[in-house]
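Work through the exercises below with the sequence and the model open. Try each task before reading its solution.

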Amino acid sequence: MDYLPIFLDLATRRVLVVGGGAVAARKVELLLKAHALVRVVAPELHPELAPYRDAGRIEHIAAPFEPQHFEDVVLAIAATDRPDVNRAVAAAGAALRVFVNVVDDVGASSCIMPAIVDRSPVIVAVGTGAHSPTLARRVRAQLEAFLPERLGELARLAGRARERVRRALPDVQRRRQFWDRLFAGRIASQVLVGQEAAAEALLEEELAAAVSGAAVSGAAVSGAVSGEPGRGEVYLIGAGPGDPDLLTLRAQQLLQQADVVLYDRLVGEAVLDRVRRDALRVFVGKQTGRHRVTQERIHALLLEYAARGLRVARLKGGDPFVFARGGEEIDILRRAGVPVIVVPGITAALGAAASAGVPLTQRGLAQAVTLVTAMGEGAEALDWRALAAPLQTVVVYMGVAQLPRIVERLLDHGAPPTRPAAIIERATLPAERVIAGTLATIAEQARTAQVGSPALLIVGEVATRACQAQALGQSLPPTAVQRGV
Ligand code: SAH
């Protein structure tokens, strides 16, 4: 280890910043966040720094650097664009045994600034020694995505309860178990989705239970089969249209926590790869024609796993509340008193529109967008006349077999055969295909191209813009795609 990472308490300590430009401004802001007393030495101040001086938040010495500026200083940053000045600062610091960071010059520095993930009071510092600040920033970006926004609140909640827990559970071993369970369980997930009051109340309950010995039997929930009764919860997670990069951050965070994952046919391998390695995976897809897991069976499984004290991720394609029976699942769970967290996902219509370059609304062309499903018995009852009207976009979630019937209904209810229509098959997945045409041609095009499931139909003027995702990046004219007009 070439460097020791360390957290400095700078409140009421003086830090010297030499330089008054934009780079210095970033450092000053960071130091002020850490409550340091900041002395800036620079003949002139960047406009971003002037307000700090005017508000009395920094001390400004409007002069060239001199060693005496180190008076009373515990740490210094040299951030001028003049190497000779920076080196003079480093030399003066070395003489006084004060740590100096020279921006972009590790050789001259006696300390380096890490890349930071700030979820205060939780702070992660990343360094690569002197090897690659860019790599440090990339690691930081990955951590940013991985660490929940409200991690700091979780730490504060624990901090508030710490003394009480220490008194209530004097035994170190039991106390550690209590905290482990807390961070792995419902209290943590409640804080992370912003339900702090509920989490606080639950903490009191758990503490009382731990004191009475009721809940100290097991360690943190870890294996997929060993939960603790009463502790189960369900995350109803939208997995998005297929591309795993379209998962939300919260979806990824909860997928890393879940003990069991119940997933649908629409959830592909790439998304499942983001699930915790040792989680149990249960396929509950409904495959048309084959033996299917009924909705009732899914409900029973959810209740059963939750009752065993497991954290259950119910992972659904797209969004869990768009044509996905998510409403029924939360009703059942709520009735059984199982806590549920719902995480939205990018629904197929939005994923497909983005990857085929079709704006779902556009001034003068589409003032409204309607999502409909043409699957199941409900299709008959839809208001096809309204769906056939102009100046809107209709996105049909469909079984491909229904396509000819859908087109026929729209035409029967007054849509012109020239109305643009596009099919997006396997949207956002590597094998995505886009087929563009009109109501007159689209069914035949789909048949010829042997379109398979899953696929969406987009009907409306905006559909003329549909093109293959790769073409979007290459700014090809939309005529480059299959077009049957
Ligand atoms: N809850 C999902 C919809 C489930 S209904 C969501 O919000 O997206 C299943 C239908 O969604 C499929 O028949 C298909 O029409 C559509 N669909 C889902 N994923 C798709 C994809 N990657 N590409 C095209 N259509 C998709």
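**Exercise 1. Give the strand order and the pairing of the open sheet that contains E13 and E16.**

Solution. The model is predicted.
- Step 1: list the strands. There are five, in the order E13-E14-E17-E15-E16.
- Step 2: assign the pairing. The sheet is open and its pairing is mixed.
- Step 3: find the edges. Strand E13 (369-373) and strand E16 (433-438) each have a single partner strand, so each keeps one side without a neighbour in the sheet.
- Step 4: get the twist. On average, neighbouring strands here are turned by 20 degrees against each other, direction ignored.
- Step 5: take one pair in detail. E14 and E17 run antiparallel and are joined by five bridges. Within this pair, Val 395 has Ile 458 of E17 as its bridge partner.

**Exercise 2. In what order do the strands of the parallel open sheet follow each other?**

Solution.
- Step 1: read across the sheet. Five strands line up as E10-E9-E11-E8-E12, with parallel pairing.
- Step 2: mark the edges. Strand E10 (280-283) and strand E12 (340-343) each pair on one side only.
- Step 3: add the twist. The average turn between neighbouring strands of this sheet is 20 degrees, direction ignored.
- Step 4: check one pair. Strand E8 (residues 233-238) pairs with E12 in the parallel sense over four bridges. Ile 237 finds its bridge partner in Val 343 of E12.

**Exercise 3. Place the ligand with respect to the domains, and explain why it lies there.**

Solution.
- Step 1: set out the domains. The assignment gives domain 1 (14-113), domain 2 (151-211), domain 3 (222-343) and domain 4 (349-483).
- Step 2: see which of them supply the shell. Domain 3 (222-343) and domain 4 (349-483) both give residues to the shell around the ligand, so the ligand lies between them.
- Step 3: add a distance within the chain. The C-alpha centres of domain 1 and domain 3 are separated by 52 Å.

**Exercise 4. Describe the shell around the ligand: how many residues, and of what kinds?**

Solution.
- Step 1: count. With a cut-off of 4 Å between heavy atoms, 19 residues surround the ligand. The closest are Asp 319, Val 322, Thr 347, Ala 348 and Ala 455.
- Step 2: sort by type. The shell has 14 nonpolar, three polar and two charged residues.
- Step 3: connect to the sheet of Exercise 1. Strand E14 (393-398) and strand E17 (455-459) each supply at least two shell residues.
- Step 4: list polar contacts to the backbone. A polar backbone atom of Pro 241 is 2.9 Å from a nitrogen atom of the ligand. A backbone N or O atom of Asp 319 is 2.8 Å from a ligand oxygen atom. For Ala 348, a polar backbone atom is 2.8 Å from an oxygen atom of the ligand.
- Step 5: compute the cover. On its own the ligand has 540 Å² of accessible area, and the protein covers 94% of it.

**Exercise 5. Where are Pro 121, Pro 454 and Arg 325, and what marks their backbone?**

Solution.
- Step 1: Pro 121. The peptide bond from Ser 120 to Pro 121 is cis, with omega near 5 degrees. Pro 121 sits in the loop between strand E6 (115-119) and strand E7 (122-126).
- Step 2: Pro 454. The bond from Ser 453 to Pro 454 is cis, with omega near -5 degrees. Pro 454 belongs to the loop between helix H16 (442-449) and E17.
- Step 3: Arg 325. This residue is not a glycine, yet its phi is positive, about 60 degrees. The loop holding Arg 325 runs between strand E11 (311-316) and helix H12 (326-335).

Note on methods:
Residues numbered from 1 in each chain as written. Predicted model: local features only at pLDDT ≥ 70, side-chain atom pairs only at ≥ 80, totals over all residues. Heavy atoms only, no water. Domains from an automatic or database assignment. Polar contact = N/O pair within 3.5 Å; in protein donor to acceptor, adjacent residues only side chain to side chain. Areas by Shrake-Rupley, 256 points an atom, 1.4 Å probe, with all protein chains shown as cover. Nonpolar A, V, L, I, M, F, W, Y, C, P; charged D, E, K, R; others polar. Pairing = 2+ DSSP bridges. Axes fitted to C-alpha atoms, helices over the stretch in contact; angles between N-to-C directions.
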